[in-house]
Amino acid sequence: MSTVLEIKNLKKTYGENEVLKDITETVNKGEVIAVLGPSGAGKSTFLRSLNMLEKPTAGAIVFDDKDLMHLSDKELDNLRERMGMVFQSFNLFPNMTVLENIKLAPMKVKGTNDSQATEIAQELLAKVGLSDKADVFPASLSGGQQQRVAIARALAMNPEVMLFDEPTSALDPEMVGEVLKVMQDLADEGMTMIVVTHEMGFAREVASTVWFMADGYIQENTSPEEFFTNPKTDRAKDFLAKIL
């Protein structure tokens with residue numbers, strides 16, 4: 001299995017508060033990792049550190065044999081293009097149509113021409129089940145539809161890894177399934193994914209690996225089946241007792 005991302009002794013402190021405490025893990029190609037844990041465990045900070053949206057205090061993040069901690073802004077931007085990111089809030093540009101939102105990055109960043117970018121965007125809209133929404137503005141879409149557009153927009157850069165930061169937590173319950181379906185399809189296609197989520201069904205059925213975070217550590221790194229049926233740490237047992 002080829003390694004996509006190496007995380008070595010990652011630490012993050014805010015003043016006296018140590019949010020991430022010496023995390024070392026490896027992400028392999030095609031792996032779907034669900035990052036689970038109680039609120040305040042450091043999950044979002046950890047995820048945002050992986051593409052340097054949050055600058056870690058210490059450690060190394062190695063992607064394509066380069067340590068992101070020691071790159072120039074330009075080099076970092078180049079590597080970030082290969083890591084798609086989807087947030088809780090959809091962050092679509094309200095004054096652009098759905099199609100324009102998806103075309104923007106390939107044209108601006110990669111220099112893709114308009115007709116090629118349009119073709120890519122239309123293919124991705126079909127993939128997320130929104131071909132009929134190409135020419136509408138984000139405000140006329142439901143939350144679930146906006147999040148599917150946000151996923152399509154991230155995919156337009158043809159990333160090697162997708163990072164999802166609680167992609168369904170801002171959605172009404174009836175819209176969660178349509179977003180998870182798109183993510184499941186990506187997993188089935190072999191996309192490498194790291195997903196901070198509260199959706200235990202997704203973690204159990206789609207993820208290949210669970211990282212359980214609490215108190216700034218990854219306390220368990222195991223298969224979903226093992227995590228849900230036989231958690232090792234007291235923190236994990238306590239967490240599962242409260243949510244299952």
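α3 and α5 run roughly parallel to each other: their axes cross at roughly 25° and come within 8 Å. This is a predicted model, so take everything below in that light. Besides the helix packing, there are two pockets to look at: the largest holds about 650 Å³ of space, and the second largest has a volume of about 160 Å³.

**Helix packing**

- Where α3 passes α5, the crossing is right-handed.
- α5 also packs against helix α6 (residues 173-188), at an angle of about 20° and with the two axes 8 Å apart. Angles under 35 degrees count as roughly parallel, so α5 is roughly parallel to α6.
- The crossing of α5 past α6 is right-handed.
- For α3 and α4, the axes cross at roughly 125° and come within 9 Å. That angle makes α3 oblique to α4.
- α3 passes α4 in a right-handed crossing too.

**The largest pocket**

- How much space lies in the largest pocket? The figure is about 650 Å³.
- Its lining is made up of 24 residues, and the closest to the centre of the pocket are Met-85, Ala-105, Arg-153, Ala-154 and Met-157.
- Four elements give two or more residues to this lining: α2 (73-80), β6 (83-86), α3 (98-110) and α5 (143-155).
- Which element gives the largest share of the lining of the largest pocket? That would be α3, with five residues.
- Sorted by class, the lining of the largest pocket has 13 nonpolar residues, six polar ones and five charged ones.
- Why does the largest pocket lie between domain 1 and domain 2? It lies there because domain 1 (25-55 + 72-82 + 160-243) and domain 2 (95-158) both give residues to its lining.

**The second largest pocket**

- The second largest pocket comes in at about 160 Å³.
- Glu-123, Leu-124, Lys-127, Leu-155, Asn-158, Pro-159, Leu-186, Glu-189, Gly-190 and Met-191 line the second largest pocket.
- Helix α4 (residues 114-127) supplies the largest share of that lining, with three residues.
- By class, the lining of the second largest pocket splits into five nonpolar, two polar and three charged residues.
- Both domains turn up here as well: domain 1 (25-55 + 72-82 + 160-243) and domain 2 (95-158) each give at least three residues to the lining of the second largest pocket.

**Putting the helices and pockets together**

- α3, roughly parallel to α5 and oblique to α4, is the element with the largest share of the lining of the largest pocket.
- α5, which packs with α6 at about 20°, is among the elements giving two or more residues to the lining of the largest pocket.
- α4, whose axis comes within 9 Å of that of α3, has the largest share of the lining of the second largest pocket.

How values were computed: Residues numbered from 1 in each chain as written. Predicted model: local features only at pLDDT ≥ 70, side-chain atom pairs only at ≥ 80, totals over all residues. Heavy atoms only, no water. 1 Å grid on protein atoms, 1.4 Å probe; cavity = no way out; pocket = protein on both sides within 12 Å on 5 of 7 lines; lining within 4 Å. Points joined across faces, edges and corners; volume = space filled by probe spheres on them. Nonpolar A, V, L, I, M, F, W, Y, C, P; charged D, E, K, R; others polar. Domains from an automatic or database assignment. Axes fitted to C-alpha atoms, helices over the stretch in contact; angles between N-to-C directions. Parallel < 35°, antiparallel > 145°, perpendicular 65-115°, else oblique. Left-handed = near helix turned anticlockwise from the far one by under 90°.
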